[in-house]
Amino acid sequence: MTPAEFATRLLDWFDRHGRKDLPWQHPRTPYRVWISEIMLQQTQVATVIPYFERFTARFAHPQDLADAPLDEVLGLWSGLGYYARARNLHLAARQIVERHGGELPADPQTLAALPGIGRSTAGAILSLGFEQPAPILDGNVRRLWCRLYHIDTWPGDSATQRRLWQLSEIHLPGQRAADYTQALMDFGATVCTRTRPRCNECPFEPSCQARKAGIEARLPVPRPKRQLPQRTAYWLVLRDARRRIYLERRPPAGVWGGLWAFPEWPDSDALTHHCHRLGIAPESLTPLPSRRHTFTQFRLHYHPVIANAISVTQCHDHPGNWLYPQEALDLALPAPVRNLITELDTAAC
């Protein structure tokens with residue numbers, strides 16, 4: 001099967017089965033494509049749709065996003081996770097306004113240089129937003145090439161990565177750039193799926209080398225297993241007589257950068273020592289059951305400890321504030337913090 005034959009079959013499939021009613025397709029502008037592509041990184045379409053609609057209703061243009069305070073951007077992002085994506089969106093919007101006249105650049109290198117936009121995302125924006133032929137290599141496309149060409153090495157390996165990019169470039173047609181890119185995404189999401197691929201519905205089944213070998217379900221090769229590092233945190237859940245809670249804004253960089261959370265220490269001794277400085281007696285502390293939250297790079301074991309306080313104004317060097325639970329829930333919060341506030345508020349009712 002030649003690259004031209006591949007493109008023809010894929011576009012024929014797309015014309016009959018492709019997704020053509022996604023919100024970022026109506027209208028399909030470079031800005032809306034950009035927002036959707038960033039949101040769709042490591043997040044499913046069904047989850048993204050309501051976030052995208054709220055986000056673009058508030059920030060309809062790069063200027064709107066650039067002018068907004070980061071707190072508001074993070075608030076609308078809250079719940080999507082991977083918050084560096086939102087911070088990069090905000091930073092990139094400011095650069096687009098300051099350096100590119102408020103419009104996304106149509107040059108591949110300039111586009112890929114913006115915060116949070118790598119080579120594949122730039123390719124998606126160029127093809128979907130500007131109708132320029134440009135290769136992409138997201139998870140759906142990696143999976144398709146690995147199966148079609150029986151690539152049995154981990155896609156994250158540098159040599160395998162180069163080969164996959166070459167395949168994306170070789171198969172790129174000279175026309176219908178937006179439809180072709182959308183077709184690649186749709187095909188991987190609905191037919192050449194990660195589990196239980198629907199090979200009987202695949203127009204490439206006769207040419208698929210993994211299918212011929214009967215190993216399509218085992219490709220792509222998963223990332224080599226590694227033990228996730230374990231981290232521990234102790235959260236101080238301060239409450240006052242008015243049932244308000246104390247939250248502080250985390251530093252802009254690092255885990256949950258810029259979000260609001262409970263004051264945190266790496267161990268119970270550090271928390272107890274700080275409570276002593278705040279005039280909170282150790283015997284008044286009430287530990288809650290420990291919980292855990294898994295990040296891509298490590299697993300966090302966190303231990304909430306409740307304390308009643310009256311005059312606390314600051315725990316760390318970060319800005320802090322006393323808030324009623326419903327006020328707190330309007331802020332940009334990490335999911336575990338949001339869940340704990342909801343849990344405590346429900347228990348108090």
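Select Arg-196 to start: this residue sits in the loop between α11 and α12. Its relative accessibility is 76%, so Arg-196 counts as exposed, the cut-off being over 50%. Now add Ala-217 to the selection and draw a distance between the two C-alpha atoms. The pair is 21 residues apart along the chain, and the C-alpha atoms are separated by 6.8 Å. Keep in mind throughout that this is a predicted model.

**The annotated region**

Next, colour residues 39-190. The UniProt annotation "domain: HhH-GPD", from an unreviewed entry, covers this range. Over residues 39-190 the chain is 65% helix and 0% strand. The C-alpha atoms at the two ends of the range are 19 Å apart.

**Helices α1 and α11**

Select residues 3-17 for helix α1 and residues 177-190 for helix α11. Their axes come within 9 Å and cross at roughly 75 degrees. How are α1 and α11 oriented, roughly parallel or roughly perpendicular? The range for roughly perpendicular is 65 to 115 degrees, and α1 and α11 therefore fall in that class. Show side chains to see the contact. On the α1 side, pick Phe-6, Ala-7, Leu-10, Leu-11, Trp-13 and Phe-14. On the α11 side, pick Asp-179, Tyr-180, Gln-182, Ala-183, Leu-184, Asp-186, Phe-187 and Thr-190. Sorted by class, the contact of α1 with α11 has 10 nonpolar, 2 polar and 2 charged residues.

**Two loops beside α2**

From α1, follow the chain into the loop that leads to α2 (30-39), where Pro-27 lies. Select His-26 together with Pro-27: the peptide bond from the one to the other is cis, with omega near -5 degrees.

Move on to the loop between α2 and α3 (45-58) and select Gln-42. Gln-42 is not a glycine, yet has a positive phi of about 60 degrees. Is Gln-42 buried or exposed? With a relative accessible area of 61%, Gln-42 is exposed.

**The loop between α7 and α8**

Select Ala-113, in the loop between α7 (108-112) and α8 (119-130). Ala-113 counts as exposed, at 60% relative accessibility. Then add Ala-92, which is 21 residues away from Ala-113 along the chain. The distance between the C-alpha atoms of Ala-113 and Ala-92 is 9.4 Å.

**Helices α9 and α10**

Select residues 139-148 for helix α9 and residues 158-170 for helix α10. Here the axes come within 10 Å, and the crossing angle is roughly 95 degrees. That angle makes α9 roughly perpendicular to α10. By class, 5 nonpolar, 1 polar and 1 charged residues make up the contact of α9 with α10. Which residues meet here? From α9 come Val-141, Arg-142, Trp-145 and Cys-146, and from α10 come Leu-164, Leu-167 and Ser-168.

Before leaving this pair, select His-150, in the loop between α9 and α10. Phi of His-150 is near 50 degrees, a positive value in a residue other than glycine. His-150 counts as partly exposed, at 29% relative accessibility.

**A second cis bond**

Select Leu-219 and Pro-220. The peptide bond from Leu-219 to Pro-220 is cis, with omega near 0 degrees. Pro-220 belongs to the loop between α12 (209-213) and β1 (230-239).

**Strand β2 and its partners**

Select residues 245-249, which form strand β2. This strand is mostly covered, with 4 of its 5 residues buried. Now add strand β8 (residues 320-323): β2 and β8 pair in the antiparallel sense over 4 bridges. To find one of these pairings, look at Leu-247, whose bridge partner in β8 is Asn-321.

Add strand β3 (residues 260-261) as well. β2 and β3 run antiparallel and are joined by 2 bridges. Glu-248 has Ala-261 as its bridge partner in β3.

**The β6 and β7 hairpin**

For the last stop, select strand β6 (residues 291-294) and strand β7 (residues 299-308), which run antiparallel with 4 bridges joining them. What do β6 and β7 form? They form a hairpin, with 4 residues between the strands. Label His-293 and Leu-300 to finish: Leu-300 is the bridge partner of His-293 in β7.

Notes: Residues numbered from 1 in each chain as written. Predicted model: local features only at pLDDT ≥ 70, side-chain atom pairs only at ≥ 80, totals over all residues. Heavy atoms only, no water. Axes fitted to C-alpha atoms, helices over the stretch in contact; angles between N-to-C directions. Parallel < 35°, antiparallel > 145°, perpendicular 65-115°, else oblique. Contact = heavy atoms within 4.5 Å. Nonpolar A, V, L, I, M, F, W, Y, C, P; charged D, E, K, R; others polar. UniProt positions renumbered as here; feature names shortened; annotations may be inferred. Buried < 20%, exposed > 50% of the residue type's maximum accessible area, 1.4 Å probe, protein only. Pairing = 2+ DSSP bridges.
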